[in-house]
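Colleague: Could you take a close look at one helix for me, and then follow the thread outward from there? I'd like to know what sits around it before I plan anything at the bench.

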Amino acid sequence: MNEFQIYSPEEQFHDPLFTDKGIRVFLKRDDMIHPFISGNKWRKLKLNIQEAKNKNQDHLVTFGGVWSNHLLATACAAAKYGLKSTAFVRGEDVNSDVLVLCRVFGMELIFTDRTAYRDKKTLFDEKFSQDPKAIFIDEGGAGYHAMQGCADIVAELKRPYDHLFCAAGTGTTFAGLVKGMQDAHLYTHCHCIPVLKGADFLKEEINAYFDSPPSYSFHNDYNFGGYARTTTELLEFIGYFTSKTGILLDPVYTGKMMFALYDLIRKDHFPKGSTILAIHTGGLFGLLGMKEQIADALKGSQRAT
Ligand SMILES: *Cc1c(COP(=O)(O)O)cnc(C)c1O
């Protein structure tokens with residue numbers, strides 16, 4: 001059996017809103033790929049790991065914040081594929097739930113102050129330039145390999161869709177989806193939901209993967225105040241969605257993407273009869289970074305109903 005084989009079904013899910021508007025919505029369950037090498041982080045690491053193995057490198061070196069889904073995915077993937085892993089972690093030494101798991105998977109953590117952290121190449125070279133077995137993987141797993149790994153999502157799809165939704169941090173996953181659609185000659189219109197504030201620069205980063213700028217929609221007004229910022233409204237929506245579907249969303253990425261999807265359907269953005277695919281990019285540990293806020297928001301919504 002191929003050790004890179006995955007399970008990520010496409011599932012239709014239901015809501016009275018969709019019935020009301022005559023729209024069918026499906027979810028690509030990349031969250032089911034693996035509990036820790038979750039979603040797009042698996043897609044982004046896959047080619048890096050294959051390349052490391054081909055070149056006989058055995059040490060993944062990467063970068064991230066204390067709640068980074070990418071660090072957790074890298075730590076677990078390294079363990080699974082027989083590699084070592086080291087992370088430069090932004091900021092001072094703390095024990096987030098994610099970092100605890102990274103340590104259990106055997107990752108070495110090097111806490112790095114915010115100024116030094118900006119220059120990742122230098123950090124890598126200072127410590128690993130003498131180590132030919134170490135491979136540099138950028139923060140969040142960005143880069144061409146990562147983009148190409150995400151394009152594979154399109155090749156797996158069982159049917160065509162009119163629209164596709166995906167959350168964006170670096171925009172690498174989104175670029176891969178647009179690329180996959182182009183390569184497959186599909187006309188699915190792709191919608192990007194940036195989770196950061198002032199994310200217009202992302203368009204250039206996405207377009208840089210293409211010879212000429214592709215066409216897609218960029219929905220700038222669902223960042224809820226910025227990266228890892230949230231609101232009671234968003235957390236209540238996540239509570240609603242999860243309690244109706246049995247599918248968890250995280251407040252940093254997929255919650256914002258799904259909120260945008262519901263909001264645009266409500267505002268009649270899509271004609272009756274449309275089919276929409278949302279990509280569940282995984283990353284559910286983001287929920288645990290907001291325990292207090294979630295508890296407060298959901299107690300509040302129980303009182304209200
Ligand atoms: C990292 C992450 C993203 C962002 O992916 P980019 O390729 O950086 O845009 C989206 N969703 C989840 C759940 C993530 O963990």
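Modeller: Sure, let's begin with helix α7, residues 144-156, whose buried residues are Ala 146, Met 147, Gly 149, Cys 150, Ala 151, Ile 153 and Val 154. Keep in mind that this is a predicted model. What lies over those buried residues of α7? The cover includes two strands, β2 (24-29) and β10 (275-280), along with two helices, α2 (39-54) and α8 (172-183). We can use some of these as starting points.

Take β2 first. Arg 29 is in that strand, and Arg 29 counts as buried because its relative accessible area is 10%, with the cut-off for buried set at under 20%. You might wonder what a charged side chain does there. In this model, the side chain of Arg 29 has a polar contact of 2.9 Å with the side chain of Asp 31. Setting aside neighbours within four places in sequence, Arg 29 is in contact with Tyr 7, Ser 8, Pro 9, Glu 11, Ile 247 and His 280. His 280 belongs to β10, residues 275-280, one of the elements covering α7. Then there's Thr 281: 252 residues separate Arg 29 and Thr 281 along the chain, yet their C-alpha atoms are 7.6 Å apart.

Thr 281 takes us to the ligand. How many residues surround the ligand? There are 14, and the closest are Lys 41, Gly 169, Thr 170, Thr 173 and Thr 281. An N or O atom in the side chain of Thr 281 is 2.7 Å from a nitrogen atom of the ligand. On the oxygen side of things, an N or O atom in the side chain of Asn 40 sits 2.9 Å from an oxygen atom of the ligand, and a polar side-chain atom of Lys 44 is also 2.9 Å from a ligand oxygen. Asn 40, Lys 41 and Lys 44 fall within the range of α2, residues 39-54, another of the elements that cover α7. Thr 173 falls within the range of α8, residues 172-183, which is on that list too.

Stay with α2 a little longer. After it comes the loop between α2 and β3 (59-64), and that is where you'll find Asn 56. Most residues other than glycine have a negative phi. Asn 56 goes the other way, with a positive phi of about 65°. Buried or exposed? With a relative accessibility of 56%, Asn 56 counts as exposed.

Thr 74, in helix α3 (residues 69-80), shows the opposite burial: with a relative accessible area of 0%, Thr 74 is buried. Not counting residues up to four places away in sequence, Thr 74 touches Leu 45, Leu 60, Thr 62, Ser 85 and Met 107.

Now back to Arg 29 and one of its contacts, Ile 247. Phe 241 is in contact with Ile 247 as well, and also with Phe 13, Gly 246, Leu 249, Met 258 and Tyr 262, again leaving aside neighbours within four places. Phe 241 lies in helix α10, and its relative accessibility is 0%, so Phe 241 counts as buried.

Which helix packs against α10 (residues 232-245)? It packs with α11 (residues 254-266) at an angle of about 85°, and their axes are 10 Å apart. That angle makes α10 roughly perpendicular to α11. From α10, the contact uses Glu 233, Leu 234, Phe 237, Ile 238, Tyr 240 and Phe 241, while α11 brings Gly 255, Lys 256, Met 258, Phe 259 and Tyr 262. By type, the residues of this contact are eight nonpolar, one polar and two charged.

Just along the chain, the loop between β9 and α10 holds Ala 228. Ala 228 is not a glycine either, but has a positive phi of about 60°; its relative accessible area of 35% makes it partly exposed. Strand β9 itself (residues 217-218) contains Ser 217, which is buried with a relative accessible area of 19%. The side chain of Ser 217 makes a polar contact of 2.7 Å with that of His 189. Apart from neighbours within four places, Ser 217 is in contact with His 189, Cys 190, His 191 and Cys 192.

Note on methods. Residues numbered from 1 in each chain as written. Predicted model: local features only at pLDDT ≥ 70, side-chain atom pairs only at ≥ 80, totals over all residues. Heavy atoms only, no water. Axes fitted to C-alpha atoms, helices over the stretch in contact; angles between N-to-C directions. Helix = DSSP H or I, 4+ residues; strand = E, 2+ residues; numbered from the N terminus. Parallel < 35°, antiparallel > 145°, perpendicular 65-115°, else oblique. Contact = heavy atoms within 4.5 Å. Nonpolar A, V, L, I, M, F, W, Y, C, P; charged D, E, K, R; others polar. Buried < 20%, exposed > 50% of the residue type's maximum accessible area, 1.4 Å probe, protein only. Near = heavy atom within 4 Å. Polar contact = N/O pair within 3.5 Å; in protein donor to acceptor, adjacent residues only side chain to side chain.
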